[in-house]
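This report describes selected parts of one structure for a reader who has not seen it before. Please keep the sequence and the model at hand while reading.

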Amino acid sequence: MDFAQTSVITTLPVMEAFYTIQGEGFHQGRAAYFIRLGGCNVGCFWCDVKESWDADKHPKIAIDEIVETASKEPGRLAVITGGEPLMHNLDELTYRLQSEGFETNIETSGSFPLSGHWNWICVSPKKFRPPTDEALANANELKVIIYNKNDFAWAEKHAANVSAECKLYLQPEWERAPIMTPPIIDYIKENPRWELSLQIHKYINVP
Ligand code: SF4
């Protein structure tokens with residue numbers, strides 16, 4: 001999937017980059033190189049990476065260097081996350097990663113215009129800044145964070161706007177997981193097109 005735009009940027013604000021196991025969603029369990037970009041104005045009150053919000057607090061790193069560092073690891077799955085990564089144009093980064101043999105996956109709220117060349121788009125919609133129709137239409141995975149029982153109806157509202165092939169996940173908000181996982185399990189049993197996503201990386205204590 002290509003969402004080519006004209007502007008070419010050569011640096012991006014990187015909060016952190018690390019090689020680990022993808023803990024969530026369809027690609028859970030795979031070795032993955034995470035690139036967490038700075039910058040987010042979505043404002044989720046339960047956000048567990050609030051330090052990512054201010055892009056200016058993170059060093060702008062040359063895309064050459066980002067890709068070169070990622071390429072030193074044996075895995076060839078790159079996950080671009082944030083922050084809200086689509087606050088930046090990701091055409092050049094994803095083109096370069098794919099040229100080095102990476103699959104490129106994104107984790108996004110879907111609330112900004114799409115850019116980049118993607119093998120997998122995971123849209124995790126947020127109430128505070130809703131996803132665009134474009135993001136939902138192009139999502140390979142819809143991952144809805146469940147904070148309380150009202151969120152099931154909200155999840156269905158977005159599921160109505162994704163493609164028939166899009167994978168559907170319900171994931172308990174981490175702090176609320178002990179309370180919300182049982183009703184999520186009940187909901188999935190009644191609505192089996194949904195699947196459970198857990199933040200496995202937090203259970204096994206890896207980044
Ligand atoms: S979209 Fe993600 S990074 Fe931004 S506030 Fe929400 S949880 Fe945090």
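## Polar contacts of two glutamines

A polar contact here is a pair of N or O atoms within 3.5 Å; within protein, one of the two must be able to donate a hydrogen and the other to accept it. The structure is a predicted model. In it, the side chains of Gln-171 and Ser-197 form such a contact, at 2.8 Å. Gln-171 belongs to strand β10, which covers residues 167-172. Because buried means under 20% relative accessible area, Gln-171 counts as buried with its value of 2%. Setting aside residues up to four places away in sequence, Gln-171 touches Glu-24, Lys-143, Val-144, Ile-145, Ile-146, Ile-184, Ser-197 and Gln-199.

Gln-199, one of the residues touched by Gln-171, is placed in the loop that runs between β11 (194-196) and α6 (200-203). Gln-199 has a relative accessibility of 10% and therefore also falls under the 20% limit for buried residues. The side chain of Gln-199 makes a polar contact of 2.9 Å with the side chain of Glu-24. Apart from neighbours within four places in sequence, the contacts of Gln-199 are Gly-23, Glu-24, Asp-48, Gln-171, Pro-172 and Trp-174. Glu-24 is thus listed among the contacts of Gln-171 and among those of Gln-199.

## Helix α6 and the segment after it

Ile-200 is located in helix α6. Its relative accessibility is 28%, so Ile-200 counts as partly exposed, the class between under 20% and over 50%. Along the chain, Ile-200 and Gly-23 are 177 residues apart, yet their C-alpha atoms are separated by 4.7 Å. Leaving out neighbours within four places in sequence, Ile-200 is in contact with Gly-23 and Gln-28. Gly-23 is also in contact with Gln-199.

Asn-205 lies in the segment that follows α6. With a relative accessible area of 70%, Asn-205 is exposed, since that class begins over 50%. Most residues other than glycine have a negative phi. Asn-205 has a positive phi, near 60°, and is not a glycine.

## Surroundings of the ligand

Where does the ligand sit? The ligand occupies the largest pocket. The residues around the ligand are Cys-40, Val-42, Gly-43, Cys-44, Trp-46, Cys-47, Val-49, Trp-53, Gly-83 and Lys-126. Sorted by class, this shell holds seven nonpolar residues, two polar residues and one charged residue.

One of the residues around the ligand, Gly-83, is in the loop between β5 (77-81) and α2 (91-99). Most peptide bonds are trans. The bond from Gly-82 to Gly-83 is cis, and its omega is near 15°.

## A histidine in helix α4

His-158 is part of helix α4, which consists of residues 151-159. Is His-158 buried or exposed? His-158 is buried, because its relative accessible area of 5% is under 20%.

Not counting residues up to four places away in sequence, His-158 touches Pro-125, Pro-131, Leu-136 and Leu-142. For one of these, Pro-131, the separation from His-158 is 27 residues in sequence and 8.7 Å in space, from C-alpha to C-alpha.

Note on methods:
Residues are numbered from 1 along each chain as its sequence is written. This is a predicted model: local features need pLDDT of at least 70, side-chain atom pairs count only at pLDDT 80 or more; totals for chains, interfaces and linings use all residues. Side-chain values use heavy atoms; hydrogens and water are left out. A residue is near a molecule or strand if one of its heavy atoms lies within 4 Å of it. On a 1 Å grid over the protein atoms alone, a cavity is a set of points where a 1.4 Å probe fits but cannot get out, and a pocket is an open set with protein on both sides within 12 Å along at least five of seven lines; lining residues have an atom within 4 Å of a point. A molecule sits in a cavity or pocket if more than half of its atoms lie within 2 Å of its grid points. Ala, Val, Leu, Ile, Met, Phe, Trp, Tyr, Cys and Pro count as nonpolar, Asp, Glu, Lys and Arg as charged, and the others, Gly among them, as polar. Helices (H or I, at least four residues) and strands (E, at least two) are DSSP runs, numbered from the N terminus. Buried means under 20% relative accessible area, exposed over 50%, partly exposed in between (1.4 Å probe, protein chains only). Contact means heavy atoms within 4.5 Å.
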